[in-house]
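User: Could you take me through one part of this model in close detail? I'd like to see how two helices meet and what lies around them.

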Amino acid sequence: MQKTAMEIRPLNADGYEDACALVRRVFAEHVAPLFPPEGVEEFLSYVTPEALTTRREEGNLQLAAWQGGDMIAFLEMRTGPHLALLFVDSARQRGGVGRGLLARGLELWPEAGFSQVTVNASPNAVGAYARLGFAPDGGLQTHNGITFQAMRLEIEPNKGNT
């Protein structure tokens, strides 16, 4: 059986339910067990169709990776640029999906002249971000029950998509 190619495209309103379901499922499996109830609630309030809509309207870049009609990964970047969300379906992790989605997000990011991307990585994702080239930027922090490691990726200055 031939494997279907991965397609990366901007998310639209039709994909918000799928994106939220994917992020919530991966979060529940890998991240939520590390957070107190306050942190779980805070995170889940960030991942709703309404919240995604608001942030897209504010200029956030939202991309999804699809394979065979299934959403397998979701990325959201905000001004900075800052990687706000990067979630890959558990069965597809460590297969280059996140790397490909991040690369496409950096290509499409409209903000000119950036030379780094930041992320607040959950403690269990620090290794994954390190494999993508991110380095720690300070120590562990906790805000509203969410513990994270600030990290940054130094890149060649982007010329922007103007």
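Analyst: Happy to! This is a predicted model, and a good place to begin is the crossing of α1 and α3, which is right-handed. On the α1 side, Tyr16, Glu17, Ala19 and Cys20 take part, meeting Pro49, Leu52, Thr53 and Arg56 of α3. By type, the residues of this contact are five nonpolar, one polar and two charged.

As for the geometry, α1 covers residues 16-30 and α3 covers residues 49-57; the two pack at an angle of about 115°, with their axes 9 Å apart. That angle makes α1 roughly perpendicular to α3.

Now for the surroundings. The largest nonpolar core has 25 residues, and those touching the most other members are Leu75, Leu83, Leu102, Tyr129 and Phe134. At least two residues of this core come from each of β2, β3, β4, α4, β5 and β7. The helix contact leads elsewhere: Cys20 and Leu52 belong to a second, separate core of 22 residues, which also includes Val23 and Val26. In general, nonpolar side chains in soluble globular proteins tend to be buried together.

For a reference point away from the helix pair, try Met77 in strand β3. Met77 counts as buried because its relative accessibility is 0%. Beyond its neighbours within four places in sequence, Met77 is in contact with Asn60, Leu61, His82, Leu83, Ala84, Gly105, Leu106 and Trp109. Between Met77 and Val26 there are 18 Å in space, C-alpha to C-alpha, and the two are 51 residues apart in sequence.

Note on methods
Residues are numbered from 1 along each chain as its sequence is written. This is a predicted model: local features need pLDDT of at least 70, side-chain atom pairs count only at pLDDT 80 or more; totals for chains, interfaces and linings use all residues. Side-chain values use heavy atoms; hydrogens and water are left out. Axes are lines fitted to C-alpha atoms, for helices over the stretch in contact, and angles run from 0 to 180 degrees between N-to-C directions. Helices (H or I, at least four residues) and strands (E, at least two) are DSSP runs, numbered from the N terminus. Angles under 35 degrees count as roughly parallel, over 145 as roughly antiparallel, 65 to 115 as roughly perpendicular and the rest as oblique. A crossing is left-handed if the near helix is turned anticlockwise from the far one by less than a right angle, and right-handed if clockwise. Contact means heavy atoms within 4.5 Å. Ala, Val, Leu, Ile, Met, Phe, Trp, Tyr, Cys and Pro count as nonpolar, Asp, Glu, Lys and Arg as charged, and the others, Gly among them, as polar. A nonpolar core is a set of buried Ala, Val, Leu, Ile, Met, Phe, Trp, Tyr and Cys residues joined through side-chain atoms within 4.5 Å. Buried means under 20% relative accessible area, exposed over 50%, partly exposed in between (1.4 Å probe, protein chains only).
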